[in-house]
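Reader: I am new to this structure and would like a close look at one part of it. Please choose a part, set it against the whole chain, and then go on to any single residues that deserve a remark.

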Amino acid sequence: MVMATTASTAAVTSLASVTLEVADLEDARRFYSALGVNTYISLRASEAHSTGFRGFTLALTVSGPATVDGFFGAAVDAGATVLKPAAKSLWGYSGVVQAPDGTIWKIATSDKNDTGPDTREIDEVVLLIGVESVKATRQFYVGRGLTVAKSFGGKYAEFAAGQSSPVKLALYKRRALAKDLGVPVDGTGSHRIVLGSTAGAFTDLDGFAWEAVA
């Protein structure tokens, strides 16, 4: 598999914000403050119908296994449900939890060896969207001004972040993403997430809503 890379200092259009739609704003605020990710996301009250897999995960990339365990433990202590206990894998060390509002979070490091203390520092936050066709959705986003940073054929695509964007956007096959997270692939109703665009509002091929931000 040949990886294609496009260099860019800034995308013409980029992911500017991530807003989670939650049923209980106060509970969500407490949870995300305890987890330490409240500066990366916004919250909005919503009672929109949503069942099963919502088609995305937010992933925290950190420095080592001890830091994975620190964030994982903080999430569980704050009320998250364990979907996959933190453990070594082919790609490193990671665990998956589901927040009380239903959002799935993956906490991971590429380092399998516990070589340092828990820093409680986040290296990167990635919004990984599960799509039916990576190629089609990638092209859809390119047509709206996003810049591809990395692409592995029809399996994965990553977009260049804007200069002020706290979250990186990437695409993965929906079925593969559900398998990686340890959840059934089926889901209906709202995704319960709204993405902020530096351009106009639109809805993508898989029903994810984007809204214009200043």
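**Helix α2 and its setting**

Author: The protein chain carries 20 positive and 21 negative charges, and the mean positions of these two sets lie 9 Å apart. The model is a predicted one, and every value here is computed from it.

Some overall figures come before the helix. The chain is built from 4 helices and 16 strands. Its C-alpha trace extends over about 40 × 40 × 35 Å along the principal axes. A compact globule of 214 residues would have a radius of gyration near 17 Å, and the 16 Å of this chain agrees with that. Of the 214 residues, 47% are buried. Among the contacts between residues with a separation of 6 or more, 65% join residues 24 or more positions apart. The exposed area is about 10,000 Å², of which carbon and sulfur atoms supply 52%.

The part chosen is helix α2, which covers residues 65-77. What length should a helix of 13 residues have, at 1.5 Å a residue? The expected span is 18 Å, because the rule multiplies 1.5 Å by one less than the number of residues. The end C-alpha atoms of α2 are 18 Å apart, so the model agrees with the expectation.

Which residues of α2 are buried? They are P65, A66, T67, V68, G70, F71, F72, A74 and A75. The cover over these buried residues comes from several elements, including helix α1 (25-35). Strands also take part in it, among them β5 (56-61), β6 (81-89), β7 (92-98) and β8 (104-109). After the helix comes G79, with a positive phi near 115°.

Two of the covering strands, β7 and β8, are joined by the loop that holds T103. T103 has a relative accessibility of 1%, so it counts as buried, the cut-off being under 20%. Apart from neighbours within four places in sequence, T103 is in contact with L20, Y32, R54, F56, L58, V97 and Q98. T103 also stands 9.5 Å from H191, C-alpha to C-alpha, although 88 residues separate the two in sequence.

Another pair can be described in the same way. A149 belongs to strand β10, residues 148-152. Its relative accessible area is 17%, which means that A149 is buried. From A149 to A161 the C-alpha distance is 8.6 Å, with their positions 12 residues apart in sequence.

Two arginines remain, and phi is the reason to mention them. Most residues other than glycine have a negative phi. R120 is not a glycine, yet its phi is positive, at about 55°. R192 is likewise a residue other than glycine with a positive phi, near 60°. Where are they placed? R120 sits in the loop between β8 and β9 (124-131), while R192 sits in the loop between β13 (187-189) and β14 (193-197). Are they buried or partly exposed? R120, at 35% relative accessibility, counts as partly exposed, whereas R192, at 8%, counts as buried.

Notes:
Residues are numbered from 1 along each chain as its sequence is written. This is a predicted model: local features need pLDDT of at least 70, side-chain atom pairs count only at pLDDT 80 or more; totals for chains, interfaces and linings use all residues. Side-chain values use heavy atoms; hydrogens and water are left out. The radius of gyration is taken over C-alpha atoms; the globule rule is 2.2 Å times the number of residues to the power 0.38. Buried means under 20% relative accessible area, exposed over 50%, partly exposed in between (1.4 Å probe, protein chains only). Contact means heavy atoms within 4.5 Å. Accessible areas come from the Shrake-Rupley method with a 1.4 Å probe; for residues, only the protein chains shown count as cover. Lys and Arg count as positive and Asp and Glu as negative; His and the chain ends are not counted. The place of a charge is taken as NZ of Lys, CZ of Arg, CG of Asp or CD of Glu.
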